[in-house]
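Student: I would like to go through the labels attached to this model. For each one, I want the value and the cut-off behind it.

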Amino acid sequence: MRPQVLAEYTEDYVEARDVAQAAEREARQQVLNLSLRAGQVEQLALENRQLRELLNLRERLSTSAMAAEVLYEAADPYTRKLIIDKGMASGIKPSSPVMDEHGILGQVTQVLPLVSEVTLVTDREQAIPVLNTRTGARGVAFGESGGAPLLELRFMATNADIEVGDVLATSGVDGVYPPGVMVGKVTKVERRAESAFARILCEPLGHVEAARHVMVLEPLGDK
């Protein structure tokens, strides 16, 4: 009987092994599904929080605004642009300011029927009039052409009253951006003896590299 017993034992072992392997595969799949679901829940919670903050912001704004979603970044590596899911059919206008719940992101530079192109304030072709909220001094912030998403506050005298940590807001003198919206924070001030102007770098307060939901404002000059 030993051959028969050995065959039955082998069959039971193989069957048990197959059952165990199937159970392990199922358990792994369940873990993957749970991980995916947890990530989706976190993402939805983040989006809901951003949307609530945008809705609260819209109620405080004195100009009309429209919510939009960022679809993707422009493919050109030498520019800083976003594509949003609102266009001419939704009433989007060229030069419309775009912001998130933290501050200005940029402005609409091209409007198509269903989508629009937004050029960020950190693009080297962009300039935005700003006001130092601590001193009241006006200036112009330009997109920094370096690798990091920064702004450069140009043409400020070496002896100008500006410090690291100063917050810059829109001044509203350009007829595009409404006044008083946060733009950036000064992170570096270099005063060089050989130059009449200081080199001032600023970090944008808007999440220029991580925005998902934005608010498109009516250009100030269209009021």
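**Labels and their reasons**

Tutor: The model is a predicted one. It holds two aromatic pairs.

Student: Why is the pair of Phe 142 and Phe 155 called edge-to-face?

Tutor: The ring centres of Phe 142 and Phe 155 are 6.2 Å apart and the planes stand at 85°. Rings pair if their centres lie within 6.5 Å, and planes over 60 degrees apart count as edge-to-face. Both conditions are met, so the pair is edge-to-face.

Student: What makes this pair a tie between separate parts of the sequence?

Tutor: Phe 142 belongs to strand β7 (residues 138-143), while Phe 155 is in the loop between β8 (151-154) and β9 (167-170). These parts are 13 residues apart in sequence, so the ring pair ties them together.

Student: How do you know whether Phe 142 is buried or exposed?

Tutor: Its relative accessible area is 18%. Buried means under 20%, so Phe 142 is buried. Phe 155 has a relative accessible area of 57%; the cut-off for exposed is over 50%, so Phe 155 is exposed.

Student: What is the geometry of the pair formed by Phe 155 and Phe 197?

Tutor: Phe 155 and Phe 197 are 6.0 Å apart centre to centre, with 85° between the planes. With the limits of 6.5 Å for the centres and over 60 degrees for the planes, the pair is edge-to-face.

Student: Which parts does that pair tie together?

Tutor: Phe 155 is in the loop between β8 and β9, and Phe 197 in the loop between β10 (182-190) and β11 (199-204). The parts are 42 residues apart in sequence, and the pair ties them together.

Student: Why does Phe 197 count as partly exposed?

Tutor: Phe 197 has 40% relative accessibility. Partly exposed is the range between the 20% and 50% cut-offs, so Phe 197 falls in that class. Ring pairs link Phe 142, Phe 155 and Phe 197 into a cluster.

Student: What makes Arg 154 count as lying over a ring?

Tutor: Arg 154 lies over the face of Phe 142, at 4.3 Å from the ring centre. The distance limit is 6 Å, and the charge must also be within 35 degrees of the ring normal.

Student: What makes up the closed barrel?

Tutor: Six strands form the closed barrel, in the order β1-β2-β5-β4-β3-β12 and with antiparallel pairing. Neighbouring strands of this sheet are turned by 45° against each other on average, direction ignored.

Student: How do you know that β1 and β12 pair?

Tutor: Strand β1 (residues 65-73) and strand β12 (residues 213-217) share five bridges in the antiparallel sense. Pairing needs at least two bridges, so these strands qualify. Ala 68 is opposite Val 214 in β12. By the same cut-off of at least two, β1 also pairs with β2 (residues 81-84), over three antiparallel bridges; there Glu 73 stands opposite Leu 82.

Student: Why is Met 66 called partly exposed?

Tutor: Met 66, in strand β1, has a relative accessible area of 24%. That lies between 20% and 50%, so Met 66 is partly exposed. The C-alpha atoms of Met 66 and Val 216 are separated by 5.1 Å, although the two are 150 residues apart along the chain.

Student: Which residues touch the most other members of the largest nonpolar core?

Tutor: The core has 38 residues, and Ile 104, Ile 128, Leu 153, Ile 200 and Val 214 touch the most other members. Beyond its close sequence neighbours, Ile 128 touches residues including Ile 104, Val 121 and Val 183.

Notes:
Residues are numbered from 1 along each chain as its sequence is written. This is a predicted model: local features need pLDDT of at least 70, side-chain atom pairs count only at pLDDT 80 or more; totals for chains, interfaces and linings use all residues. Side-chain values use heavy atoms; hydrogens and water are left out. Helices (H or I, at least four residues) and strands (E, at least two) are DSSP runs, numbered from the N terminus. Buried means under 20% relative accessible area, exposed over 50%, partly exposed in between (1.4 Å probe, protein chains only). Axes are lines fitted to C-alpha atoms, for helices over the stretch in contact, and angles run from 0 to 180 degrees between N-to-C directions. Rings of Phe, Tyr and Trp (its six-membered ring) pair if their centres lie within 6.5 Å; planes under 30 degrees apart count as stacked, over 60 as edge-to-face and the rest as tilted. A nonpolar core is a set of buried Ala, Val, Leu, Ile, Met, Phe, Trp, Tyr and Cys residues joined through side-chain atoms within 4.5 Å. Contact means heavy atoms within 4.5 Å. Lists of a residue's contacts leave out its neighbours within four places in sequence.
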